[in-house]
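I opened a fresh page for this protein. I wanted its fold, its sheets and its charged pairs, in that order of convenience.

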Amino acid sequence: MYRFPPAIVLLIVLLLSVSLDAAQRNEKEKSDADPNRAPKIISIFPKNGATGVDASVPFVIVEFDMPMGEGFAFATRGDTGTPADPDNEKPFWSTNKKVCVKPVLLEPGKKYEHLINFPPFIGFRGENGVAADKLYYAFATGPAAVDKEKREKMKKEYAKRIELLGRPIVDDKGKPVDPKRAPKIVSVTPKNGDKNVDPKTAEIRITFDIPMDEGFSFATKGDTGTPADPDKATFWTEDRRTCVRPVKLEPGKKYEHLINFPPYIGFASVYGVPAPKLPYSFTTAE
């Protein structure tokens, strides 16, 4: 019986593998392009199963992977559902019809549950009329009371996030963003490892390749972190890709941060996917 040389066998295996991968990709593309497919939930806030959620949170936000019809369904078992915000009771959709926002007024120390799209309450349907899969959704709030001032601030912040989610999400090269992929750091200023930074530098800027959520984290080891400017708060640029931390530096000092090191994972994409961790340090000139 004729035997193929090992190199030929390896080549055949590789070709078969590539063919299978291509076939799987084609099937996925066909599935995504199917006009009669069911919509999928790609993100939900607060996260399903989350505990210790801030009771000041003003919205439940459900994002789908395709434009949806006008309906929605947040069914409950008994009185376990999230109570509507009395100032703005009705859920609404983003401009691209992919994000459903339910205004809520939560209480501390309580578990909330929803039976999303459980029969007979099947309100979430794509524009094609096909129903989304059912989902048991629950989260629990922490013990802290609702802070009205914080709640109003969060309303404004989340309004920006909802507006952002209502647009096509693209990366820094203009390509559509996979909701499941992690953001990448494009640049850091001052540069990581720089040993001659001007002590008059007033900001640290971290730029990502995709729009980010409103959180951030500049953890430290001991007292090596950059001192924040007491008169200015950390903020995001309008495109939500650059986080700006106002600082007041001293000459001749090394500064270090553990960016996104557990448990301090504040940097995440607008879809909630954490950025990779980064040891970040620089030294100011004498």
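Before the look-ups, one cut-off: I call a residue buried under 20% relative accessible area, exposed over 50%, and partly exposed in between.

**Entry: confidence.** I am working with a predicted model. Mean pLDDT for the protein is 85, and 88% of the residues reach 70 or more. I then looked for the weak stretch. Over residues 6-31 pLDDT stays under 50. For that stretch the model has two contacts beyond four places in sequence. I read nothing further into residues 6-31.

**Entry: overall make-up.** I counted elements next. The protein has two helices and 12 strands. From the N terminus the order is α-β-β-β-β-β-β-α-β-β-β-β-β-β. So much for the string; I turned to cover and contacts. Of the 286 residues, 41% are buried. Among contacts with a separation of 6 or more, 70% join residues 24 or more positions apart. The accessible surface comes to about 16400 Å². Carbon and sulfur atoms hold 57% of that surface.

**Entry: sheet with β1.** I traced an open sheet of four strands, β1-β2-β4-β3, with antiparallel pairing. Its edge strands are β1 (41-45) and β3, each pairing on one side only. I checked the β3 end. Two bridges join β3 to β4 (residues 99-103), in the antiparallel sense. Trp 93 stands opposite Cys 100 in β4. Cys 100 has a relative accessible area of 0%, so I logged it as buried.

**Entry: sheet with β7.** Another open sheet of four strands has the order β7-β8-β10-β9. The pairing is again listed as antiparallel. Here the edges are β7 (185-189) and β9 (235-236), and each of them pairs on one side only. Inside the sheet, β8 (residues 203-208) and β10 (residues 242-246) run antiparallel, joined by five bridges. I picked out one residue pair: Ile 206 has Cys 243 in β10 as its bridge partner. Cys 243 counts as buried, because its relative accessibility is 0%.

**Entry: cysteines.** With two buried cysteines noted, Cys 100 and Cys 243, I searched for disulfides. The structure holds zero.

**Entry: the C-terminal strands.** I looked at β11 and β12 together. Strand β11 (residues 254-259) pairs with β12 in the antiparallel sense, over six bridges. Leu 258 has Pro 279 in β12 as its bridge partner. How covered is β12? Five of the six residues in β12 (residues 278-283) are buried, and the strand is mostly covered.

**Entry: salt bridges.** Side chains of opposite charge can pair when their charged atoms come close. I searched the whole structure and got 13 salt bridges. I followed a few of them.

I began with Glu 113 and Arg 77. Their side chains meet in a salt bridge at 2.9 Å, N to O. Glu 113 sits in strand β5 (residues 111-116), while Arg 77 sits in the loop between β2 (59-64) and β3 (92-93), so this pair ties together parts 36 residues apart in sequence. Is each partner buried or partly exposed? Glu 113 is buried, at 13% relative accessibility. Arg 77 is partly exposed, because its 46% falls between the two cut-offs.

Next I took Asp 85 and Lys 155. They form a salt bridge with their closest N and O atoms 3.3 Å apart. Asp 85 is in the loop between β2 and β3, and Lys 155 is in helix α2 (residues 148-165). That pair links distant parts of the chain, 70 residues apart. Asp 85 is buried, with a relative accessible area of 2%.

Lys 155 has a further partner. With Glu 152 it forms a salt bridge, the closest N and O atoms being 3.8 Å apart. Why are these two about one helical turn apart? Lys 155 and Glu 152 are three residues apart in helix α2, so about one helical turn separates them. Glu 152 is partly exposed, at 42% relative accessible area.

I then joined the pieces. A network of salt bridges links Asp 85, Arg 151, Glu 152 and Lys 155. Within it, Asp 85 is buried and Glu 152 is partly exposed.

Technical notes
Residues are numbered from 1 along each chain as its sequence is written. This is a predicted model: local features need pLDDT of at least 70, side-chain atom pairs count only at pLDDT 80 or more; totals for chains, interfaces and linings use all residues. Side-chain values use heavy atoms; hydrogens and water are left out. A salt bridge is a side-chain nitrogen of Lys or Arg within 4 Å of a carboxyl oxygen of Asp or Glu. Buried means under 20% relative accessible area, exposed over 50%, partly exposed in between (1.4 Å probe, protein chains only). pLDDT is the predictor's confidence in each residue, from 0 to 100. Contact means heavy atoms within 4.5 Å. Two strands pair if DSSP finds at least two bridges between them. A disulfide is a pair of cysteine sulfur atoms within 2.5 Å. Accessible areas come from the Shrake-Rupley method with a 1.4 Å probe; for residues, only the protein chains shown count as cover.
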